[in-house]
Amino acid sequence: MTACEKFQADLPALLSDEPTAERKAQLEKHAPSCANCAAEMSEMRAVWKTLDVWQEQTVPAPLAVAIREQARLHQPVTSEESLVVRVRQLFVQSPIRALALGLLTAIIATIMLSFRVDFSLIHPLGLTITGALWTALFGLVYYMLTAERDEGGLSWKLPAQVALIATGLFIAFTCLNPMPYSVQYCSANGPAQTFCSSLSRETAYCIFGGFYAMLPMTIASYFSAKKHARHNKIFRRGSLAALMFVLLLAPSVYLQCTPFAFGLLIGWFSGALVGAVIGGTVGYWVRYKFA
Amino acid sequence: MKTASDEELMSAYAGGNTAAFDELFARHGQKVYNLFLRALGNAATASDLTQETFLRVVTARERYEPARTFSSWLYTIAMNLLRDQIRRRKRQGATEDLSTVDSELSHAAPDEENAERLAAVQKAVQCLPAEQREVILLAKYQALSYAEIAGVLGISETAAKQRAYRALKTLRECMAREWTHSRGKS
């Protein structure tokens, strides 16, 4: 970047007296040595100064009264009484508490799956490792959900929220109709019977896995997205949420595939990844476009 | 006596102190109202959006994170409402030129020369593309730093400065045109 380009880049900040005294001195030192930049600065200063003519107007009195009144109408309860505040305080930025909540969620999810999945086929060690992994993953996502925004403005809250909701929906769908049952049913009945029966089990798990991940992700991202989501961030946010969701999903996918059926596991997992990214992006996009 | 910061006032309000909200409104109410007024040129819409902005502050008080500056949070809410409003206007096919600007805006200038200059500034600001206009309004009239503007608009600080630079160039051209036009008339 040339000195002139640097000067132009900092010119707006210079006009609003933002740079440090040292930087300001550097910029002002450059101007006299460059006729173009000097002219530019003088013209921009004039434009900036001209904008001062647009003075502020006072808030209409009835509006001020109405706003103050509305604040009193929605008078907040004290922090001692507010359950929401207390729950937030309980979990905010505490890895231990997030992990405890993760353990609780993993236990509930495992109990729900136990109604549909035969855990006796899984080695106890595999089951223990899966439980520990699930606890850690849920704990991590809960921690992200309560973490403060970092200095760069990156917020993990929304993707974490979408991933948790989508996982909840996925487990609920699984309890209602486990995916292996759907694959079996479609291969033996219905209009897609010929197509489904022609697929290898791995391919069928990949396709069905994609749909089973796409549906909850679409619903979760649609309802969690902000209406004003910026168009250029839709894919990035959708993918980030999808990645978190697929990580949370992994232990349940493992539990539903019989051990050593790596082909099914990989097929399902890769299908879920693609489906989740599509679902996350579509949910955000629909909300942005039509809500 | 030490004056409470915006963030302390907001935390106090979230804890049940309504006097803290009055102080926050006294500090920021006029600025928010004028942001909408300058961006949309319509006093009635500016009033509605100001009320909506503070209603959102009230209803979202428990979600406020003290680590984030109150003004950034407030202007993020305001800019989102502003964008929604502009999008709604576009859908309804309304133009954004000064023919829609209330005549009461012009009352701010006491003499004729200033009135002409004010009209030229208003038209020039209105002729900016929306994304440049919002940066100029936040930097010039709301006195936010470019780091804060970047946070409010969800862009980088460099991008905010670039938009401001382009906006100033556009303003220079528009003002010159308006000025020549009004001189030609008189």
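Modeller: Angles under 35 degrees between helix axes count as roughly parallel. Keep that cut-off in mind for this predicted model.

Colleague: Why are H2(B) and H4(B) called roughly parallel?

Modeller: Their axes cross at roughly 25° and come within 11 Å. That angle is under 35 degrees, so H2(B) and H4(B) are roughly parallel to each other.

Colleague: Is the crossing of H2(B) and H4(B) left-handed or right-handed?

Modeller: Right-handed, as H2(B) passes H4(B). From H2(B), the contact takes His28(B), Val32(B), Leu35(B), Phe36(B), Ala39(B) and Leu40(B). From H4(B) come Leu74(B), Ala78(B), Leu82(B) and Gln85(B).

Colleague: What classes of residue make up the contact of H2(B) with H4(B)?

Modeller: It has 8 nonpolar and 2 polar residues, with no charged ones.

Colleague: H4(B) also packs with H7(B). What is the angle there, and how far apart are the axes?

Modeller: The angle is about 45° and the axes are 8 Å apart.

Colleague: What makes H4(B) oblique to H7(B)?

Modeller: The cut-offs do. About 45° is not under 35 degrees, not in 65 to 115 and not over 145. What remains is oblique, so H4(B) is oblique to H7(B). The crossing is right-handed.

Colleague: Which residues make the contact of H4(B) with H7(B)?

Modeller: H4(B) brings Ser71(B), Ser72(B), Tyr75(B), Thr76(B) and Met79(B). H7(B) brings Glu148(B), Gly151(B), Val152(B) and Leu153(B). By class, that is 4 nonpolar, 4 polar and 1 charged.

Colleague: Now chain A. How do H11(A) and H12(A) pack?

Modeller: Helix H11 (residues 201-224) and helix H12 (residues 234-256) of chain A pack at about 130°, with axes 11 Å apart.

Colleague: Why is H11(A) called oblique to H12(A)?

Modeller: Roughly antiparallel needs an angle over 145, and roughly perpendicular covers 65 to 115. About 130° falls in neither range, so H11(A) is oblique to H12(A). Their crossing is right-handed.

Colleague: Which residues meet there?

Modeller: Ala213(A), Met217(A) and Ser221(A) in H11(A) meet residues of H12(A), including Phe245(A), Val246(A) and Leu249(A). The contact has 7 nonpolar, 2 polar and no charged residues.

Colleague: What about Ala172(A): is it buried or exposed, and why?

Modeller: It has 11 C-beta neighbours inside 10 Å. Exposed means 12 or fewer, so Ala172(A) counts as exposed. Ala172(A) is found in helix H8 (residues 157-176) of chain A. Its C-alpha is 9.0 Å from that of Leu113(A), though the two are 59 residues apart in sequence.

Colleague: How much of chain A counts as buried?

Modeller: 35% of its 291 residues. The secondary structure of chain A is 13 helices and 0 strands.

Colleague: How many residues does each chain give to the contact between A and B?

Modeller: Chain B gives 49 and chain A gives 42. Several helices of chain B each supply at least two residues, among them H1 (6-14), H2 (18-40) and H8 (157-185).

Colleague: Which helix gives the most to the side of chain B that touches chain A?

Modeller: H2(B), with 10 residues. That side of chain B divides into 21 nonpolar, 16 polar and 12 charged residues.

Terms used: Residues numbered from 1 in each chain as written. Chains lettered and ligands numbered in written order. Predicted model: local features only at pLDDT ≥ 70, side-chain atom pairs only at ≥ 80, totals over all residues. Contact = placed C-beta atoms within 7 Å. Helix = DSSP H or I, 4+ residues; strand = E, 2+ residues; numbered from the N terminus. Nonpolar A, V, L, I, M, F, W, Y, C, P; charged D, E, K, R; others polar. Axes fitted to C-alpha atoms, helices over the stretch in contact; angles between N-to-C directions. Left-handed = near helix turned anticlockwise from the far one by under 90°. Buried ≥ 20, exposed ≤ 12 C-beta atoms within 10 Å, placed from the backbone.
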